[in-house]
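Trainee: Could you take me through this structure? I should like to begin with the fold and then turn to the empty spaces in it.

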Amino acid sequence: MDRHATGQDERHRWPFPAILGRPSARPFVGRRDELGRLARQWAHVVDGGHATVLVGGEAGAGKTRLAAEFAGECHDAGAVVLSGVSDAELAVPYQPWVMVAEQLVRRLPPEALAELRVELGHLATLVPQVERLVAGLERPAPFDPESERQRLLAAIRAVLAAAAMLAPVVLVLDDLHWAGQQTLVMLRYLARTAPVERVLIIGTFRDADDEVTEPLASVLADLRRVESTERIKLAGLDVDGVRELLATVTSASDLGARAQTVAARTGGNPFLV
């Protein structure tokens, strides 16, 4: 990608999220088709569109790595990259969105934050540091639970849109198989109901039947009907991909035969390889 392809103002250049783990010492091989599909969606986003790509696969298939590698290329070209992750051990409402909101509030320029005072007031209950970063915020009077939820959804959308004004955005939501209901409601809202221009959402999840929760299955079914949403099934590496990976750690003369054996035993799962 051309480093200047997205045109982010260097004054507002954001760091790459540490949670995505880039750069990695482990080699990244194969996945050319998947990277090509992501690149096509990104081109649409850079031109002013919006897209959601949901990447499913078994544990160890490389879903997070694929998202991180692609987001890294976009970041090198000037994109804003944001990331949040769901955790099986925590039950924080909107957990990955809280992480994304923290990144947004910490990095948006002061003039943008000043224009978002009402929305930031709605976010203060989820992201307490908002009140430390923006002086004089007033929390709104409480409403009924449904109205509160709608105001929170709109507030997160507003701060995300402010970032997209600076540069196209890649937003990675990792481990959606552990996501709570509120997190998935926010994903559906941004992917179907109120998408943000110049934002690409990449969601990763384990797609084994016993790991897809009912709320996640419902959202996946809903988004399947949305034209701007694409699903990627991340299968194991083929023999050539396994050989390419093995070549980074050994120069054995029988690499082809070894790759066939390893591919057969592991199903091409990169972690097992």
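Mentor: Let us begin with one unit of the fold. In this predicted model, E3, H8 and E4 form a β-α-β unit that is right-handed.

Trainee: Which residues make up E3, and how does E3 pair with E4?

Mentor: Strand E3 covers residues 169-174, and its pairing with E4 is parallel, over five bridges. Within that pairing, leucine 173 lies opposite glycine 203 in E4.

Trainee: What about E1 and E4, and how many bridges join them?

Mentor: E1 and E4 run parallel and are joined by eight bridges. One facing pair is glycine 57 with arginine 206 in E4.

Trainee: Is E4 mostly covered or mostly open?

Mentor: E4 is mostly covered, as seven of its eight residues are buried.

Trainee: And for the whole chain, what percentage of residues counts as buried?

Mentor: Of the 273 residues of the protein chain, 49% count as buried.

Trainee: How many helices and strands does the chain have?

Mentor: The protein chain has eleven helices and five strands.

Trainee: What does the radius of gyration say about the overall form?

Mentor: A compact globule with 273 residues would have a radius of gyration near 19 Å, and the protein chain has 20 Å, so the two agree. Along the principal axes, the C-alpha atoms fill a box of roughly 70 × 40 × 35 Å.

Trainee: Now the empty spaces. How many cavities of 30 Å³ or more are there?

Mentor: A search of the whole structure finds one cavity of 30 Å³ or more. The largest cavity holds about 60 Å³ of space.

Trainee: Which residues line the largest cavity?

Mentor: The lining consists of His50, Ala51, Thr52, Leu160, Leu190, Ala191, Pro195, Val196, Val199, Ile201 and Ser228. At least two of the lining residues come from each of strand E1 (50-57), helix H8 (181-193) and E4. E1 gives the largest share, three residues.

Trainee: What is the make-up of that lining by class?

Mentor: The lining of the largest cavity has eight nonpolar and three polar residues, and no charged residues.

Trainee: Let us move to the pockets. How much space lies in the largest pocket?

Mentor: The largest pocket holds about 610 Å³ of space. It is lined by 31 residues, of which Arg26, Gly60, Ala61, Gly62 and Arg65 are the closest to its centre. Helix H2 (63-76) and strand E4 (199-206) are the elements that give two or more residues to this lining.

Trainee: Which element gives the largest share there?

Mentor: H2 does, with six residues. By class, the lining of the largest pocket has 15 nonpolar, seven polar and nine charged residues.

Trainee: And the second largest pocket: how much space lies in it?

Mentor: About 250 Å³ of space lies in the second largest pocket. The elements that supply two or more residues to its lining are helix H5 (117-123) and helix H7 (145-166). The largest share, five residues, comes from H7.

Trainee: Which residues line this second largest pocket?

Mentor: They are Tyr94, Gly121, His122, Thr125, Leu126, Arg139, Pro140, Pro145, Glu148, Arg149, Arg151 and Leu152. By class, five are nonpolar, three polar and four charged.

Note on methods
Residues are numbered from 1 along each chain as its sequence is written. This is a predicted model: local features need pLDDT of at least 70, side-chain atom pairs count only at pLDDT 80 or more; totals for chains, interfaces and linings use all residues. Side-chain values use heavy atoms; hydrogens and water are left out. On a 1 Å grid over the protein atoms alone, a cavity is a set of points where a 1.4 Å probe fits but cannot get out, and a pocket is an open set with protein on both sides within 12 Å along at least five of seven lines; lining residues have an atom within 4 Å of a point. Grid points are joined across faces, edges and corners, and a volume is the space filled by probe spheres set on the points. Helices (H or I, at least four residues) and strands (E, at least two) are DSSP runs, numbered from the N terminus. Ala, Val, Leu, Ile, Met, Phe, Trp, Tyr, Cys and Pro count as nonpolar, Asp, Glu, Lys and Arg as charged, and the others, Gly among them, as polar. Buried means under 20% relative accessible area, exposed over 50%, partly exposed in between (1.4 Å probe, protein chains only). Two strands pair if DSSP finds at least two bridges between them. A crossover is right-handed if, with the strands pointing away from the viewer, the path from the first strand over the helix to the second runs clockwise. The radius of gyration is taken over C-alpha atoms; the globule rule is 2.2 Å times the number of residues to the power 0.38.
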